[in-house]
Amino acid sequence: LSPDEDGICSGRYFSESGLVGLLEQAAELFSTGGLYETVNEVYKIVIPILEAHRDFRKLTLTHSKLQKAFESIINKVLVSQGLAQKLSWILVSPGDLKIISIVLRTKKKLRIILFPFQGFYGQCFGEDVVEVIKDSAPVDKRKLDPNKAYIQITFVEPYFDEYEMKDRVTYFEKNFNLCRFMYTTPFTMDGRPRGELSEQYKRNTILTTMHAFPYIKTRINVIQKEEFVLTPIEVAIEDMRKKTQELSAATNQEPPDAKMLQMVLQGSVGATVNQGPLEVAQVFLAEIPSEPKLYRHHNKLRLCFKEFIMR
């Protein structure tokens, strides 16, 4: 397409210089927002164009901006991306129940988020019609009143497969380009949310959003939902891995934080801690499991304890 042909692409931004100007503006905005890693990605497009034009003055300025961005990364001058909250609410019209799941990214706490939504839907349907579901258990439509509206809010965390964790090392990489989130719901077979270690199950729910965060919108629709249940020994393995990670982070922290290390140690190996590593070992490792299916999990838990002790 030619910019001079029939007025096509005649805008001032639809040119090489216009593109460079927009990219430079984007880099400045990313830098202002604290997304210093993205500044480098933007200038990867700009630099070859400047080199082709032998524009050494702009190249000097560009590399100086890159130096500042890299220095900010080294100094850990990072702006928090905020918490990712999963917001699921059920919109009710007479005789119809419609469940809409949305992931909302915000820095506000759950109880602060709840009031605006409760007030908004209270105005739409009536304050006496709106009810809040205070747990993260799956919603059963059969138990809901079709004449009421329900709001359920649950905190979610970014979810990564094991192979993804190898490439997501830094804080930025773990908080950028996110489209999968997870929240957990503890339960027991008799209906209670909490129980003894030997009867504690956990349901992990993974949500996939239509677009990746950060996005131009703070709310993105959920397009896929997956669920899988962890058995009591799998829950123990997951908890031991988390304790090992917390202990590793506390011991390798720079500069060292004695208070944080003491808190982690007290919460991990304290003799008075309920359902701590000692009780986990007594419940699941005291005897070799009789079922062959549990051999693999039994061995995994032993390896988790080995790594925990080495820390």
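Two strands are taken to pair if DSSP finds at least two bridges between them. In this predicted model, strand β7, which spans residues 201–213, and strand β8, which spans residues 219–230, run antiparallel and are joined by eight bridges. The two strands form a hairpin, with five residues lying between β7 and β8. Within this pairing, Thr205 stands opposite Glu227 of β8.

Strand β8 also takes part in a salt bridge, one of the 10 that a search of the whole structure finds. Here the side chain of Glu226 meets that of Arg180, with a distance of 3.7 Å from N to O. The pair links distant parts of the chain, since Glu226 belongs to strand β8 while Arg180 belongs to strand β6 (residues 178–187), and the two residues are 46 residues apart.

Attention turns next to the helices. Two packed helices are described by the angle between their axes and by the distance between those axes. For helix α1 (residues 16–32) and helix α2 (residues 36–52), the axes come within 9 Å and cross at roughly 160 degrees. Because angles over 145 degrees count as roughly antiparallel, α1 is described as roughly antiparallel to α2. The crossing in which α1 passes α2 is left-handed. On the α1 side, the contact is made by Glu16, Leu19, Val20, Leu23, Glu24, Ala27, Glu28, Phe30 and Ser31, which meet Tyr36, Thr38, Val39, Val42, Tyr43, Ile45, Val46, Ile49 and Leu50 of α2. Sorted by class, the residues of this contact comprise 13 nonpolar, two polar and three charged.

A second helix pair is formed by α7 (residues 232–251) and α9 (residues 277–284), whose axes come within 11 Å and cross at roughly 150 degrees. This angle makes α7 roughly antiparallel to α9, and α7 passes α9 in a left-handed crossing. The residues that meet are Pro232, Ile233, Ala236, Met240 and Lys243 in α7, and Pro277, Val280 and Phe284 in α9. By class, the contact of α7 with α9 divides into seven nonpolar residues, no polar residues and one charged residue.

Taken pair by pair, the description thus covers the antiparallel strands β7 and β8, the roughly antiparallel helices α1 and α2, and the roughly antiparallel helices α7 and α9.

Note on methods
Residues are numbered from 1 along each chain as its sequence is written. This is a predicted model: local features need pLDDT of at least 70, side-chain atom pairs count only at pLDDT 80 or more; totals for chains, interfaces and linings use all residues. Side-chain values use heavy atoms; hydrogens and water are left out. Axes are lines fitted to C-alpha atoms, for helices over the stretch in contact, and angles run from 0 to 180 degrees between N-to-C directions. Helices (H or I, at least four residues) and strands (E, at least two) are DSSP runs, numbered from the N terminus. Angles under 35 degrees count as roughly parallel, over 145 as roughly antiparallel, 65 to 115 as roughly perpendicular and the rest as oblique. A crossing is left-handed if the near helix is turned anticlockwise from the far one by less than a right angle, and right-handed if clockwise. Contact means heavy atoms within 4.5 Å. Ala, Val, Leu, Ile, Met, Phe, Trp, Tyr, Cys and Pro count as nonpolar, Asp, Glu, Lys and Arg as charged, and the others, Gly among them, as polar. A salt bridge is a side-chain nitrogen of Lys or Arg within 4 Å of a carboxyl oxygen of Asp or Glu.
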